[in-house]
Amino acid sequence: HSHLLLSPHLPFFAFAVPSAGYLLLLDPTRQPAPSWSSLPLPLPAPGAAGHAFSPAAASAGLLAFLSDASGHKTLLLANPITRLLAPLPLCPTARLSPTVGLAAGPTSFIAVVAGDDLVSPFAVKNTSADTFVADAASVPPSGFWAPSSILPRLSSLDPRAGMAFASGRFYCMSSSPFAVLVFDVATNVWSKVQP
């Protein structure tokens with residue numbers, strides 16, 4: 001479970017430039033002025049099929065990259081400081097361009113991959129979400145995809161907007177109709193908050 005050892009617990013802003021193969025890091029704590037660093041991006045080179053990865057989420061110094069190819073997605077967790085890279089098992093549900101959320105703590109993390117379910121080779125619907133839960137404090141250490149959860153009806157997620165995590169819940173935007181979707185990790189249930 002090396003992916004649980006990836007988080008450096010240092011505050012920084014990361015700007016990924018996948019096509020150039022590096023990350024720009026801003027350390028806001030450096031005094032007297034914040035400093036910039038350039039680090040090689042620890043992503044694998046595109047394979048023979050041309051599969052590439054794009055930045056999808058970040059939490060507690062841990063970065064998540066999602067495979068660009070449609071189908072069962074690969075989520076890679078990376079620590080830009082130590083340059084460790086750990087792939088999670090394939091997402092159980094085939095998707096096109098899902099929305100991703102990540103919440104990392106000292107001994108555990110949760111990754112959510114939601115929406116854009118491939119219901120056929122030519123059609124997508126926002127119907128479900130998959131959640132990966134990992135805990136190094138359990139005996140033995142565990143990491144697994146939890147049962148899929150159902151998104152609220154008429155959800156329209158934007159993968160570019162991402163998710164925010166607070167108090168055991170992930171939050172993301174839905175448009176047409178406008179709403180905030182809330183995912184309660186403990187109950188594995190989504191709800192919708194409309195204006």
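**View 1. Salt bridges of the predicted model.** In this predicted model, the structure holds four salt bridges. Side chains of opposite charge can pair when their charged atoms come close. Three of the residues concerned, Arg95, Asp117 and Asp130, are linked in a network of salt bridges, and the next two views take up the pairs within this network one at a time.

**View 2. The salt bridge between arginine 95 and aspartate 117.** Arginine 95 forms a salt bridge with aspartate 117, and the closest N and O atoms of the two side chains are 3.2 Å apart. The pair links distant parts of the chain, since arginine 95 belongs to strand 9 (residues 94-95) and aspartate 117 to strand 12 (residues 117-120), and the two residues are 22 residues apart. Arginine 95 has a relative accessible area of 0% and is therefore buried, the limit for this class being under 20%. Aspartate 117, with a relative accessible area of 4%, is likewise buried.

**View 3. The salt bridge between aspartate 130 and arginine 95.** Arginine 95 also takes part in a salt bridge with aspartate 130, in which the closest N and O atoms are 3.1 Å apart. Because aspartate 130 lies in strand 14 (residues 128-135) and arginine 95 in strand 9, this pair ties together parts of the chain that are 35 residues apart in sequence. Both partners, aspartate 130 and arginine 95, are buried.

**View 4. The salt bridge between aspartate 158 and arginine 160.** Here aspartate 158 forms a salt bridge with arginine 160, with the closest N and O atoms 3.1 Å apart. Aspartate 158 has a relative accessibility of 28% and so counts as partly exposed, whereas arginine 160, at 74% relative accessibility, counts as exposed.

**View 5. The hairpin of strand 14 and strand 15, with its aromatic residues.** Strand 14, which carries aspartate 130, forms a hairpin with strand 15, and six residues lie between the two strands. Strand 14 and strand 15 pair in the antiparallel sense, and their pairing runs over seven bridges. Within this hairpin, phenylalanine 132 stands opposite tryptophan 145, a residue of strand 15. Ring pairs link Phe132 and Trp145 with Phe109, and these residues together form a cluster. For the structure as a whole, the count of aromatic pairs comes to four.

**View 6. Serine 155 in the loop after strand 15.** Serine 155 has its place in the loop between strand 15 (142-150) and strand 16. Although it is a loop residue, serine 155 has a relative accessible area of 9% and is therefore buried. When its neighbours within four places in sequence are left aside, serine 155 is in contact with Asn126, Ser174, Leu181 and Lys192. Of these contact residues, Ser174 belongs to strand 17 (residues 169-174), and Lys192 belongs to strand 19 (189-193).

**View 7. The open sheet of strands 16 to 19.** Four strands form an open sheet in the order 16-17-18-19, and their pairing is antiparallel. Strand 16 (164-166) and strand 19 (189-193) are the edge strands, each of which pairs on one side only. From one strand to the next, the twist averages 30°. Strand 16 and strand 17 (residues 169-174) pair in the antiparallel sense over three bridges, and in this pairing alanine 164 has tyrosine 171 of strand 17 as its bridge partner. In a regular strand the side chains alternate between the two faces of the sheet.

**View 8. The aromatic pair of phenylalanine 165 and phenylalanine 170.** Among the four aromatic pairs is the one that phenylalanine 165 forms with phenylalanine 170, a tilted pair with 4.8 Å from centre to centre and 55° between the planes. Phenylalanine 165, at 37% relative accessibility, counts as partly exposed, whereas phenylalanine 170, with a relative accessible area of 1%, is buried.

**View 9. The whole chain, for orientation.** The secondary structure of the chain comes to zero helices and 19 strands. Of the 195 residues of the chain, 40% count as buried. Among contacts with a separation of 6 or more, 39% are accounted for by residues 24 or more positions apart. The accessible surface of the chain comes to about 10,000 Å², and 62% of this surface belongs to carbon and sulfur atoms.

Technical notes:
Residues are numbered from 1 along each chain as its sequence is written. This is a predicted model: local features need pLDDT of at least 70, side-chain atom pairs count only at pLDDT 80 or more; totals for chains, interfaces and linings use all residues. Side-chain values use heavy atoms; hydrogens and water are left out. Two strands pair if DSSP finds at least two bridges between them. Axes are lines fitted to C-alpha atoms, for helices over the stretch in contact, and angles run from 0 to 180 degrees between N-to-C directions. Rings of Phe, Tyr and Trp (its six-membered ring) pair if their centres lie within 6.5 Å; planes under 30 degrees apart count as stacked, over 60 as edge-to-face and the rest as tilted. Buried means under 20% relative accessible area, exposed over 50%, partly exposed in between (1.4 Å probe, protein chains only). Contact means heavy atoms within 4.5 Å. Accessible areas come from the Shrake-Rupley method with a 1.4 Å probe; for residues, only the protein chains shown count as cover.
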